[in-house]
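Welcome to a short set of exercises with worked solutions. Keep the viewer open and try each task before reading on.

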Amino acid sequence: MAKDLPPSRQDKVQLTIWIDPELRSAMKVTAAENGVTMQDAIEAFCMEYAAAALKRMRRKSD
């Protein structure tokens, strides 16, 4: 892992997606309206989307 990453990105991995420009614009507007960054909005979506799988994975690691 690169050592020159800011602390907020350390111990994280990059995820790249391709979306329509209109969707990106709508996401940026929605994030701004909710007072969050795109990073926070997408991370929250991913956490909710994968919540069941994350819960199972945590149980298996205990």
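A residue counts as exposed when its relative accessible area is over 50%, as buried when that area is under 20%, and as partly exposed in between. Bear in mind throughout that this is a predicted model.

**Exercise 1. A nonpolar patch**

Find out which residues make the nonpolar surface patch of about 390 Å², and decide whether L15 is buried or exposed.

Solution. Start with the members: L15, I17, I19 and L23 make up this patch. Next, place L15, which belongs to the segment before α1 (21-33). Finally, apply the cut-off: the relative accessible area of L15 is 65%, and exposed means over 50%, so L15 is exposed.

**Exercise 2. An unusual backbone angle**

Look at D11 and work out what is notable about its phi.

Solution. As background, most residues other than glycine have a negative phi. D11 goes against this, with a phi near 65°, a positive value in a residue that is not glycine. Now locate D11: it sits in the segment before α1. Its relative accessible area of 74% makes D11 exposed. To finish, take a C-alpha to C-alpha distance: D11 and C46 are 17 Å apart in space and 35 residues apart in sequence.

**Exercise 3. A salt bridge**

Count the salt bridges, then say which parts of the chain are tied together.

Solution. Side chains of opposite charge can pair when their charged atoms come close. The cut-off here is 4 Å between a side-chain nitrogen of Lys or Arg and a carboxyl oxygen of Asp or Glu. The count comes to one salt bridge. Its partners are K12 and E43, with 3.7 Å from N to O. Because K12 lies in the segment before α1 and E43 in helix α2, the pair ties together parts that are 31 residues apart in sequence. As for accessibility, K12 is partly exposed at 40%, and E43 is partly exposed at 33%.

**Exercise 4. An aromatic pair**

Search the whole structure for aromatic pairs and describe the geometry of what you find.

Solution. The search gives one aromatic pair. F45 and Y49 form this pair, with 5.7 Å from centre to centre and 25° between the planes. Planes under 30 degrees apart count as stacked, so the pair is classed as stacked. Then consider the sequence: F45 and Y49 are four residues apart in helix α2 (residues 38-49), so about one helical turn separates them. Both F45 and Y49 are exposed.

**Exercise 5. A positive patch**

Identify which residues form the positive surface patch, and find where K55 lies.

Solution. The patch consists of K55, R56, R59 and K60. K55 is part of helix α3 (residues 51-61). With a relative accessible area of 54%, K55 is exposed.

**Exercise 6. A residue and a distance**

Where does S8 lie, and how far is its C-alpha atom from that of M38?

Solution. S8 is in the segment before α1. Its relative accessible area is 55%, which makes S8 exposed. Between the C-alpha atoms of S8 and M38 there are 14 Å, while the two residues are 30 apart along the chain.

Technical notes:
Residues numbered from 1 in each chain as written. Predicted model: local features only at pLDDT ≥ 70, side-chain atom pairs only at ≥ 80, totals over all residues. Heavy atoms only, no water. Patch = residues over 30% accessible without salt bridge, like charges linked within 9 Å, V, L, I, M, F, W, Y side chains within 5 Å. Areas by Shrake-Rupley, 256 points an atom, 1.4 Å probe, with all protein chains shown as cover. Lys, Arg positive; Asp, Glu negative; His and termini not counted. Charge placed at Lys NZ, Arg CZ, Asp CG, Glu CD. Helix = DSSP H or I, 4+ residues; strand = E, 2+ residues; numbered from the N terminus. Buried < 20%, exposed > 50% of the residue type's maximum accessible area, 1.4 Å probe, protein only. Phe/Tyr/Trp six-rings, centres within 6.5 Å; stacked < 30°, edge-to-face > 60°.
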